[in-house]
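Trainee: I would like a close look at a single part of this model, with the cut-offs spelled out. Please start with a quick check of the cysteines.

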Amino acid sequence: MSLTYRLFQEADLDAVLELWEHHSGWGGITRQQYHEWYVDTPYEPCISVIAENEEGQVVGQGMFIPSRLFTDGKEIRSVRISAPIFHKDYRQSLLSGRNHPTVGMFLYSLETIRQMGYELTYVFPAAGWVPFLQRFPALGLGTWNLASYPCYELPLTAPETYSETLDPTLDVRLVTQFGPEYDQLWEEAVGHYPIQCGTIRRKEWLQWKLGGHLNLEVRNKATEELIGYLSVKKQGGLIVDALARTSADLRTIYQTAIQSVHHRNPDRLPLPFDTLKGMLTADAERALAPIPYERVESYTFAFGTYLLDETGVNPAPDQWYLMPDD
């Protein structure tokens, strides 16, 4: 297959929307959704790479989401890799070398975003991508820092996952608008948690990333002080983000938020699922210490980081404050 790769142009949008509708596996999206998700981001518009066949037909798209990363005491420009979409006639099951359509797009994209001045890229890859990323040195490229994390489940109907003894001074509320307090929460978490490395969680980023999720904020009833938040994906109950000023406060956030939606709570906030799921990082494991959870053996989260600026530092995954929606 002879494909060429280039950056997206607005004239490609109809063809890209058709790829979404017929070849993404996720269903179609509207022009408005495309612009909300990929153009009107908190930072730059997403870097969208197009694959064209010899007839000039758009047969693939890869998306790179700009973010800002706190690492080594400073802020750097970073991007998260999103899953590519290819026309069904241009898919191959084995990621095996530079001539593979997805591999070709991937390598072109990495060089392009490096030239744009981004310093680091990260990805939550599907299992089939991990062996390919491990082969980067054999392709004359740099090394990916890779890690995997178990999945856990918290049944919201089980008596053992409900506590009757939590702090009565705390209140849990659904929130749809992230205000300036969330900027302060992030700054204090960096210093007091402490956070060595992580995606910067300013209010604009949270609004864009989490606005469509179920967001549970925990406050002090008397003072209205924001203690932290926990965000859950509406489809399936995945905990996609959580933050507090300290590790002890994060434990409180998990306990209080879970109690607020648990079926044994007569005043529960109703959610459209009976189980919460999450990625079992070291931070999540410490936060969940008082709460019984079950490991899901059939699923594992993978994560990887790749340094684009050779003069920079590629933090190991265990240095990250990491959540699935980063």
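Trainee: How many disulfides does a search of the whole structure find? After that, what can be said about helix α3, residues 101–115?

Mentor: This is a predicted model, in which local features need pLDDT of at least 70 and side-chain atom pairs count only at pLDDT 80 or more, while totals for chains, interfaces and linings use all residues. Residues are numbered from 1 along each chain as its sequence is written, and side-chain values use heavy atoms, with hydrogens and water left out.

The search of the whole structure finds zero disulfides, a disulfide being a pair of cysteine sulfur atoms within 2.5 Å. For C46, the nearest cysteine sulfur is that of C197, 20 Å away. Seen from C197, the closest cysteine sulfur is in C46, and 20 Å is too far for a bond. C46 counts as buried because its relative accessibility is 10%; C197, at 1%, counts as buried too. Buried means under 20% relative accessible area, exposed over 50%, and partly exposed in between, with a 1.4 Å probe and protein chains only.

Now the helix. Helices are DSSP runs of H or I with at least four residues, strands are runs of E with at least two, and both are numbered from the N terminus. The expected span of a helix is 1.5 Å times one less than its number of residues. The 15 residues of α3 should therefore span 21 Å, and the end C-alpha atoms are indeed 21 Å apart.

Helix α3 is mostly covered, with 11 of its 15 residues buried. Among them are P101, T102 and V103 at the start of the list, and T112 and I113 at its end. Just after the helix, G117 takes a positive phi of about 100°.

F106 is another buried residue of α3, and its ring has a partner. Rings of Phe, Tyr and Trp (its six-membered ring) pair if their centres lie within 6.5 Å; planes under 30 degrees apart count as stacked, over 60 as edge-to-face and the rest as tilted. The whole structure holds 28 aromatic pairs. One of these joins F106 to F136, edge-to-face, at 6.1 Å centre to centre and 85° between the planes. F136 lies in the loop between α4 (130–134) and β6 (145–155), so the pair ties α3 to a part 30 residues away in sequence. Both F106 and F136 are buried.
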